[in-house]
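Reader: I should like to go through the terms applied to this structure and see how each is justified. Please set every value against its definition.

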Amino acid sequence: MSNILLVMYRNNIENVNLLKDRINSLGDTLYIFEDSAAFVETELNVQETYDKISQNDFETASILILTINNLPFGFWGRMPVEVWNWLNEKSLKNSDTMVSTYIQELTRLTEQNSKLTTELEKTKSDYEEVQKALQIQMQQIGILEKKLKETLS
């Protein structure tokens, strides 16, 4: 499942073009706020994203990365229509992926539950059979003890 991240940085960073190249390499990107922030659709989480774009050149640069979602009202404000369209498109895509993942997991758990229920019923049946066999053996022991007492008397 991909994430929608907001990468914000000071636009006075040295070699800002290298930073932008690294951000662009993460996935589909939309720059906002005079190129000092970008929305990115990527498979990486916030820490992995930070590590990837900051390594070797930007370890001390002011960079902030946030996860964006719209569940419900995960983003709100006043921006150009292009920004809302981009965010809504990515949110819907990720929402469909999440629903699909949840359905797959629910199916897997339902199948597992069915197997465990069948196994439980078999175990109960086996337990009942063992109880009956034990009861029969206890009766036989009682009969043998009675015969032994009769023989010894």
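Author: The chain contains three helices and four strands, and along the sequence they follow the pattern β-α-β-β-α-β-α. The model is predicted, so local features need pLDDT of at least 70 and side-chain atom pairs count only at pLDDT 80 or more, while totals for chains, interfaces and linings use all residues. Residues are numbered from 1 along each chain as its sequence is written, and side-chain values use heavy atoms, with hydrogens and water left out.

Reader: What makes a stretch of the chain a helix or a strand?

Author: Both are DSSP runs numbered from the N terminus: a helix is H or I over at least four residues, a strand is E over at least two. Helix α2 covers residues 46-54 and strand β2 covers 28-32, so each qualifies under these limits.

Reader: Why is Arg 22 called buried, and what is Asp 57 called?

Author: Buried means under 20% relative accessible area, exposed means over 50%, and partly exposed lies in between (1.4 Å probe, protein chains only). Arg 22 has 15% and is therefore buried, whereas Asp 57, with 44%, is partly exposed. Over the chain, buried residues make up 25% of the 153 residues.

Reader: What makes the contact of Arg 22 and Asp 57 a salt bridge?

Author: The term requires a side-chain nitrogen of Lys or Arg within 4 Å of a carboxyl oxygen of Asp or Glu. For Arg 22 and Asp 57 the N to O value is 2.6 Å, so the pair satisfies the definition. The pair links distant parts of the chain, Arg 22 being in helix α1 and Asp 57 in the loop between α2 and β4, 35 residues apart.

Reader: How many salt bridges does the structure hold?

Author: The structure holds two. Besides the pair just described, Asp 126 forms a salt bridge with Lys 122, their closest N and O atoms being 3.0 Å apart. These residues are four apart in helix α3 (residues 81-152), which means that about one helical turn separates them. Asp 126 is partly exposed at 34% relative accessible area, and Lys 122 is exposed at 53%.

Reader: How do you know that the buried residues of α2 lie on the same side of that helix?

Author: The buried residues in α2 are Thr 49, Ile 53 and Ser 54. They cover an arc of only 110 degrees, and therefore sit on the same side of α2; the arc is that of the directions from the helix axis to the C-beta atoms. With contact meaning heavy atoms within 4.5 Å, the buried residues of α2 pack against β1 (3-9), α1 (16-24), β3 (37-42) and β4 (63-68).

Reader: Which residues stand at the two ends of α2?

Author: Asn 45 caps the N-terminal end, with a side-chain oxygen 3.0 Å from the backbone nitrogen of Gln 47. After α2 comes Asn 56, whose phi is positive, near 70 degrees.

Reader: Why are β2 and β4 called edge strands?

Author: Two strands pair if DSSP finds at least two bridges between them. The four strands form an open sheet in the order β2-β3-β1-β4, with antiparallel pairing. β2 and β4 each pair on one side only, and are the edge strands.

Reader: What shows that β1 and β3 are paired?

Author: They share six bridges in the antiparallel sense, so the requirement of at least two is met. Among the residues involved, Leu 5 has Val 40 in β3 as its bridge partner.

Note on methods:
Polar contact = N/O pair within 3.5 Å; in protein donor to acceptor, adjacent residues only side chain to side chain.
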